[in-house]
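Me: Could you take me through one part of this structure up close? I'd like to look at the sheet and what sits against it, with a bit of context for the whole chain.

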Amino acid sequence: MADYATRRTMMVDTQVRPSDVTKFPIIDAMLDIPREAYVPDALREAAYVGENLTLPGGRTMLDPRTLAKMLDALNIQPDHVVLDLGCGLGYSTALAARLADFVVGVEDDEARADEAQTTLSANNVDNAAVVSGPLSEGAAKSGPYDTIMIQGAVEEVPAAIIDQLRDGGHIGAIFAEGALGVVRIGHKSDGRINWRFCFNAGAPVLADFRKSTSFAL
């Protein structure tokens with residue numbers, strides 16, 4: 001039987017701590033939450049590798065370093081309500097739920113959303129809910145949100161998502177730039193987002209966050 005607890009410790013010691021993630025609540029959550037529970041059974045042996053994992057339906061589970069650094073930069077507080085877009089099977093939602101008051105995960109496949117909710121409930125994560133719907137539409141009825149994070153790369157962030165971020169709130173996303181990508185953290189002030197570079201990271205672009213193309217006659 002695999003010793004996942006030891007693998008979690010190795011993940012934190014070799015992938016997370018060396019990446020200047022020092023906030024104790026994040027470290028504690030990553031040491032405690034069973035990442036292997038939030039991947040398909042066939043991928044359990046790969047749950048703690050230092051790279052993105054491809055989940056069914058074209059969804060991506062961000063590598064531990066990228067997710068930890070994004071959480072660190074977002075600085076989620078205990079009274080925050082968080083929107084987690086493209087949450088896959090719920091690992092990022094479970095981590096955020098340790099830091100926040102409540103987390104709403106969104107998946108565009110109802111079966112995947114149900115599986116994520118089932119896994120979260122089985123692991124006693126009672127301050128999170130996963131809903132199904134287009135990622136580009138978010139979950140407006142539970143907003144506005146103090147923090148929004150996107151589990152995959154984007155070419156642009158739709159206005160509907162920006163509208164769900166509370167003024168003074170933060171949003172984190174990987175922006176696709178050619179073959180590479182950069183994580184930017186956006187701060188909303190007076191209805192506008194000011195983005196700043198945070199660190200380099202890569203992931204496949206989520207279909208809902210591709211730039212819309214228009215054709216001129």
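Reply: The accessible surface of the chain adds up to about 10,100 Å², and 49% of that belongs to carbon and sulfur atoms. Keep in mind that this is a predicted model. Of the 217 residues, 51% count as buried. The radius of gyration is 16 Å, which agrees with the value near 17 Å that a compact globule of 217 residues would have. Along the principal axes, the C-alpha atoms fill a box of roughly 60 × 35 × 35 Å. If you take contacts between residues at least 6 apart in sequence, 57% of them join residues at least 24 apart.

Now for the sheet. The chain has six helices and nine strands, and seven of the strands make an open sheet in the order β5-β4-β3-β6-β7-β8-β9, with mixed pairing. The edges are β5 (128-132) and β9 (192-200); each has a single partner strand, so one side of each is left without a neighbour in the sheet. From one strand to the next, the twist averages 20 degrees.

Follow the order towards β9 and you come to two hairpins. Strand β7 (residues 165-177) pairs with strand β8 (residues 180-189) in the antiparallel sense, over eight bridges. To check the register, look for I171 opposite G186 in β8 and G172 opposite I185 in β8. Two residues lie between β7 and β8, and G178 in that turn has a positive phi of about 65 degrees. Next, β8 pairs with β9, again antiparallel and over eight bridges. Here H187 stands opposite N194 in β9. This hairpin also has two residues between its strands, with D190 taking a positive phi near 55 degrees.

On the other side of the order, helix α4 (residues 91-99) lies across β3 (81-85), β4 (102-107), β5 and β6 (145-154). Its axis runs at about 165 degrees to that of β4.

Within β6, zoom in on Q151. With a relative accessibility of 2%, Q151 counts as buried, because the cut-off is under 20%. The side chain of Q151 makes a polar contact of 2.9 Å with the side chain of D84. Leaving aside neighbours within four places in sequence, Q151 is in contact with a list of residues that includes R59, T60, L62, D84, L85, G86 and C87. S92 and L206 are among its contacts too, as is L67.

That last residue, L67, brings us to helix α3, where it is one of the buried residues. Ten of the eleven residues of α3 (residues 64-74) are buried, so the helix is largely enclosed by the rest of the structure. The buried set isn't just hydrophobic names: T66, K69 and D72 are in it, alongside others such as M70, L71 and L74. At the N-terminal end, D63 caps α3, with a side-chain oxygen 3.1 Å from the backbone nitrogen of R65. Just after α3, N75 takes a positive phi of about 55 degrees.

Methods
Residues numbered from 1 in each chain as written. Predicted model: local features only at pLDDT ≥ 70, side-chain atom pairs only at ≥ 80, totals over all residues. Heavy atoms only, no water. Pairing = 2+ DSSP bridges. Helix = DSSP H or I, 4+ residues; strand = E, 2+ residues; numbered from the N terminus. Axes fitted to C-alpha atoms, helices over the stretch in contact; angles between N-to-C directions. Contact = heavy atoms within 4.5 Å. Buried < 20%, exposed > 50% of the residue type's maximum accessible area, 1.4 Å probe, protein only. Polar contact = N/O pair within 3.5 Å; in protein donor to acceptor, adjacent residues only side chain to side chain. Rg over C-alpha atoms; globule rule 2.2 N^0.38 Å. Areas by Shrake-Rupley, 256 points an atom, 1.4 Å probe, with all protein chains shown as cover.
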